[in-house]
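Q: I am new to this structure and would like a close look at one part of it, the sheet, along with what lies around it. Please take it step by step.

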Amino acid sequence: VLYTSSGRVAFLRRDLVDPRRPDVSAGAKPDPSIPLKPYHEHLAQVPTDVISYHLVVEEGSLQSELMSFPTYMESTSEVFLAGLDLFYARFAPSSPYDMLPEQFQRQIIVLASIGIFIATVVAYQMVVKKSIRTIWK
């Protein structure tokens, strides 16, 4: 996570700083078995890598801090910038795979759980009745 000179909070993907990236300007040929982007002197800022979206976050000169810390969810971290402005964002670099989407139908899960519970109770009662019948024979 880094603070750019344009006043935005962004993250730097690992594939952009991979030392195995081929330097095409020096005549190196890219290896097709390793899917890496060619080396370039300047790192391009991809709009989807900007955490602060369209917001410009003002950073103080001496007393600003950019902090990043993990959450209990494996795919998510939190970013906090304190300076002249305060900025906080939850951030998932690879998409939050351990969270249910908003359109997830929770009613179906609840109904299925209730159905399994009722089936378990009925099956237990049938087993108890059968064991009583076998004992009395």
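A: What follows describes the sheet, then the loop, the core and the pocket.

The model is predicted, and the description below rests on values computed from it. Strands in a sheet pair through backbone hydrogen bonds, in either a parallel or an antiparallel way. Here three strands make up an open sheet, in the order S3-S4-S5, with antiparallel pairing. Strand S3 covers residues 65-70 and strand S5 covers 86-91; both stand at the edges with a single partner strand each, so one side of each has no neighbour in the sheet. On average, neighbouring strands of this sheet are turned by 15° against each other, direction ignored.

The pairing of S3 with S4 can be followed in detail. Strand S4 takes in residues 77-82, and its antiparallel pairing with S3 runs over six bridges. Two of the facing positions can be located by residue. Met67 stands opposite Phe80 in S4, and Ser68 stands opposite Val79 in S4.

Next comes the connection between these strands. S3 is joined to S4 by a hairpin, through six residues. Thr71 lies in the loop between S3 and S4. Its relative accessibility is 19%, and buried means under 20%, so Thr71 counts as buried. Thr71 and Arg90 are 19 residues apart along the chain, and 9.1 Å separates their C-alpha atoms.

The sheet also contributes to the core. As a general tendency, nonpolar side chains in soluble globular proteins are buried together. The largest nonpolar core in this model has nine residues: Val9, Phe11, Ile51, Val57, Val79, Leu81, Phe87, Ala89 and Phe91. S4 and S5 each supply at least two residues of this core. The largest share, three residues, comes from S5. Val79, the residue that stands opposite Ser68, is one of the core residues.

Phe11 leads on to the pocket, since this residue belongs to the core and is also among the residues that line the largest pocket. A probe the size of a water molecule, rolled over the atoms, shows where empty space is left. The volume of the largest pocket is about 180 Å³. Its lining consists of Leu2, Thr4, Ala10, Phe11, Leu12, Arg13, Leu16, Leu43, Ala44, Gln45, Val46 and Asp49. Of these lining residues, eight are nonpolar, two are polar and two are charged.

Note on methods. Residues are numbered from 1 along each chain as its sequence is written. This is a predicted model: local features need pLDDT of at least 70, side-chain atom pairs count only at pLDDT 80 or more; totals for chains, interfaces and linings use all residues. Side-chain values use heavy atoms; hydrogens and water are left out. On a 1 Å grid over the protein atoms alone, a cavity is a set of points where a 1.4 Å probe fits but cannot get out, and a pocket is an open set with protein on both sides within 12 Å along at least five of seven lines; lining residues have an atom within 4 Å of a point. Grid points are joined across faces, edges and corners, and a volume is the space filled by probe spheres set on the points. Ala, Val, Leu, Ile, Met, Phe, Trp, Tyr, Cys and Pro count as nonpolar, Asp, Glu, Lys and Arg as charged, and the others, Gly among them, as polar. Two strands pair if DSSP finds at least two bridges between them. Helices (H or I, at least four residues) and strands (E, at least two) are DSSP runs, numbered from the N terminus. Axes are lines fitted to C-alpha atoms, for helices over the stretch in contact, and angles run from 0 to 180 degrees between N-to-C directions. A nonpolar core is a set of buried Ala, Val, Leu, Ile, Met, Phe, Trp, Tyr and Cys residues joined through side-chain atoms within 4.5 Å. Buried means under 20% relative accessible area, exposed over 50%, partly exposed in between (1.4 Å probe, protein chains only).
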